[in-house]
Amino acid sequence: MIRILLSFAAILGLIAPAAAQTPMSGEGTPIIPTATEADYARVVEQAVTRYMLPAYTSLNEATTELAASVADFCATPEPAKVSAVRHAFQSTVAAWAGVDFLRFGPMAQDGRYERFAFFPDVHGTGARQIRGFLVSQDEALLKPGALAGQSVAVQGLPALESLLFLGRESLLQPAPPEPFRCALAVAVAKNMQTIADEALAGWQGDKSWAGLIENPGPDNPVYRTHAEAMTEVLKAILTGIEQVRDQRLTAALGNGPDDAKASRAPYNVSRQALFYIAASADALQRFADVSGILGLLPDSQASYGNSADFEFSNLKGALAKTGADMEAALADPQLRSRLSYAAIVLQSLRDLFQRHVAVWAGLSPGFNSMDGD
Amino acid sequence: MLVDRRALLAGAGAILAAGLGSRAAASLATSEVLILAPAMRADGSFAVMVLGERGDRIREIALPARGHDIAVHRETGRAVAFARRPGTFAVAFDVHARSAPEVFVARPDRHFFGHGAYSADGRLLFATENDFAAGTGVIGIYDATNGYARLGEFPTRGIGTHEAILLPDGKTLAIANGGIETTPEYGREELNIATMDPSIAFVDLDGHLIAQHRLPARYHQLSIRHMAVGADGKIWFGTQWAGDPLATPSLVGRATQESGLELVATPETELNEMRRYVGAMAASRDGTLISASAPRGGYVVHFSAETGRYVGRTPIADSSGVTGYGERSVLASNGEGLMAELGADGAENLLTSLPGVAFDNHLRAIAG
């Protein structure tokens, strides 16, 4: 059936990454990207030094403060210390929103991502196991490192949230905290601090992920070229937008008013769901800004940068006017419509980055390689 | 095989190709092979593109959203294109355009995983589906002779089921349980990476479990997704690694009902450049060439079913669809509108290049 066999070398040019034809924009103009490997290298380096390192440092600081404040509260429970724990918890939620769209790097190793924040827990594994722990009062769980061997569902932020905020026995209420529950919260917070320490360390130094992503080449196990490393940065933006929209916002909005459910959003137990979503939007804008990804577009296409700014400010504007409580926002037609609008803006942002920014930057996130099937 | 098809066409010419232009009808009538490829068209809409053996466009069957794979039954000409997960539509059509396409949908509490297979006589369709309330896979059974009415279902014995194929005995389904749980409430978010338990289950057509095999526990994050059958009847499977991004487990393996699963060694550099992800598996028509697409690495990687070893690779950016084509060749497509016939010896024959078209994850070729 192979009738005409072209030589391997001859056809290589036809099916190698350099596409056979010049892609055309929707308006019919040929797309001729101007970015070079050096440009990609610069943007990746900026993403690492101006975003990844500060963001993982923030997570590290927030979890350090969190572990200390929970330990302090549990050592000598005083009502005055409740606000310190609340504050540290909220800072950790914000810091997590700053990195949880970066699905690569040290956080993707050793199950750290899931261990730090297992969400969504659709089968209620975390709640069930924590109830079991509270009944058994097994002191072995409190030993240093012991939680790391347990289910990911009991190791991180959602588990700590339920211990601190959920139900009649929650720790942050006027009644004195139950000692084992408090000790378990200390163990969870310490476990989160350990994970955040490891994640930050994994980004620092020559042999770190910073070294990997900034020094592509034939022997690099993850990135062959600066364009591939740059595609990782672009994919993080696309993943982040999709994650906020599909897995946080739209999940809570459901198929309509009767189907809306605040509990489907993360950090709703602590009434931080909208705060977290706003923090995610803010993080994505900062990531796009400080990396300078929009600077990869040819000068003639600089208006896409303005479009991104415009959409991000629409998004943040809508989210700023939804109140603090997801449940109340979903119950109020006007507030709910702002959330629906935010979901639409997120879709526009995704289209902007995927269909315009990516192609004009000369990057191909891949129709099938992004597919995940 | 090819002669049979010509005879069929000569006898049934009058009712064939209803509604097609004369050139398309001529292509449909004379092409020895029809290629069925779900794709995104230049305007962003989705369709199954039907191409002739020279890559000529014969017709397009519109899809309401992104498609995934197509189940085909050669003798009856029946075919069904499935929605990409977590989609709920399937579009049934006649390969020879003798009837209008018809759409059917999954039960409200199920969605399609994107793959399916016909029974040997073409009367039943088996589709992989997600029972997302329970978080487990099922095989939905449909009556192809009665508007694809759903007749029932049976469990796949796993989570995140992906491809299911009918084995050459005509009596057994091999089912790849990828192990990754998802639920439509949360889009494509992966819910259980820490506790994945992928497997291949062998079941009879009534759903009775014959055997189920797993890789050693250290590979529990190797999601088994796609399969193709080699000349000796062994199943070749392709996987996607959900574990440590710096680990390099083998991504392709062999399975039999009796002896279980084994991974096949791939040279270190080539393995690493597959980027821990196989998108599709195919066997040449004689079953000697096994090909695995690696879209993230930008290759199609070839193995010999006879020796069980790696034999070479073809660079294709954003590769994905790969299917049996010639006796000793496969057909590969990519997200940039390219389609090429590949041989293990590095032979390549470009069939078509369609600017603006993105061929989707899978494609099928059907001889007459």
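# A quick tour of chains A and B

Let's start with a pair of neighbours in chain B: strand β22 (residues 299–304) and strand β23 (residues 310–315) run antiparallel and are joined by 5 bridges. Keep in mind that this is a predicted model. From that hairpin we'll move on to an open sheet, the build of chain B, the contact with chain A and the nonpolar cores.

**The β22–β23 hairpin**

- Here's one pairing you can look up in chain B: B:Tyr299 stands opposite B:Pro315, which belongs to β23(B).
- Between the two strands of this hairpin sit 5 residues.
- In the hairpin, B:Gly308 takes a positive phi, near 75 degrees.

**An open sheet in chain B**

- Next up is an open sheet of 4 strands from chain B, in the order β12-β13-β14-β15, with antiparallel pairing.
- At its edges you'll find β12 (161–166) and β15 (209–213) of chain B, each of which pairs on one side only.
- On average, neighbouring strands of this sheet are turned by 20 degrees against each other, if you ignore direction.
- Zoom in on β14 (residues 199–204) of chain B and you'll see 4 bridges joining it to β15(B), with the two strands running antiparallel.
- In this part of chain B, B:Ile200 faces a partner in β15(B): it stands opposite B:His213.

**Chain B as a whole**

- Chain B has plenty of strands to look through: 29 of them, alongside 3 helices.
- Its C-alpha trace spans about 60 × 45 × 40 Å along the principal axes.
- The radius of gyration of chain B is 19 Å, which agrees with the value near 21 Å for a compact globule, because the chain has 368 residues.
- Of those 368 residues in chain B, 56% are buried.
- Take the contacts in chain B between residues at least 6 apart in sequence: 48% of them join residues at least 24 apart.

**One exposed proline**

- Look for B:Pro267 in the loop of chain B between β19 (260–263) and α3 (268–272).
- Is B:Pro267 buried or exposed? It counts as exposed, because it has 11 C-beta neighbours inside 10 Å, and the cut-off for exposed is 12 or fewer.
- B:Pro267 and B:Trp241 are 26 residues apart along the chain, and their C-alpha atoms are separated by 17 Å.

**Where the chains meet**

- The contact takes 48 residues from chain B and 40 residues from chain A.
- On the chain A side, the elements that give two or more residues are α1 (8–15) and α9 (226–253).
- Which of chain A's elements gives the most to the side that touches chain B? That's α1(A), with 5 residues.
- Sorted by class, the side of chain A that touches chain B has 24 nonpolar, 10 polar and 6 charged residues.

**The nonpolar cores**

- The largest nonpolar core has 115 residues, and the members that touch the most others are A:Ala185 and A:Val188.
- Helix α2 (residues 37–75) of chain A gives the most to this core, with 16 residues.
- Leaving out residues up to four places away in sequence, A:Ala185 touches A:Val70, A:Cys74, A:Leu160, A:Leu163, A:Leu164 and A:Leu171.
- There's also a second, separate core of 110 residues, which includes B:Phe93, B:Ala174, B:Ala255 and B:Val300.

Technical notes. Residues are numbered from 1 along each chain as its sequence is written. Chains are lettered from A and ligands numbered from 1 in the order in which they are written. This is a predicted model: local features need pLDDT of at least 70, side-chain atom pairs count only at pLDDT 80 or more; totals for chains, interfaces and linings use all residues. A residue is buried if 20 or more other C-beta atoms lie within 10 Å of its own, exposed if 12 or fewer, and partly exposed in between; C-beta atoms are placed from the backbone. The radius of gyration is taken over C-alpha atoms; the globule rule is 2.2 Å times the number of residues to the power 0.38. Two residues are in contact if their C-beta atoms, placed from the backbone, lie within 7 Å. Ala, Val, Leu, Ile, Met, Phe, Trp, Tyr, Cys and Pro count as nonpolar, Asp, Glu, Lys and Arg as charged, and the others, Gly among them, as polar. Two strands pair if DSSP finds at least two bridges between them. A nonpolar core is a set of buried Ala, Val, Leu, Ile, Met, Phe, Trp, Tyr and Cys residues joined through C-beta atoms within 7 Å. Axes are lines fitted to C-alpha atoms, for helices over the stretch in contact, and angles run from 0 to 180 degrees between N-to-C directions.
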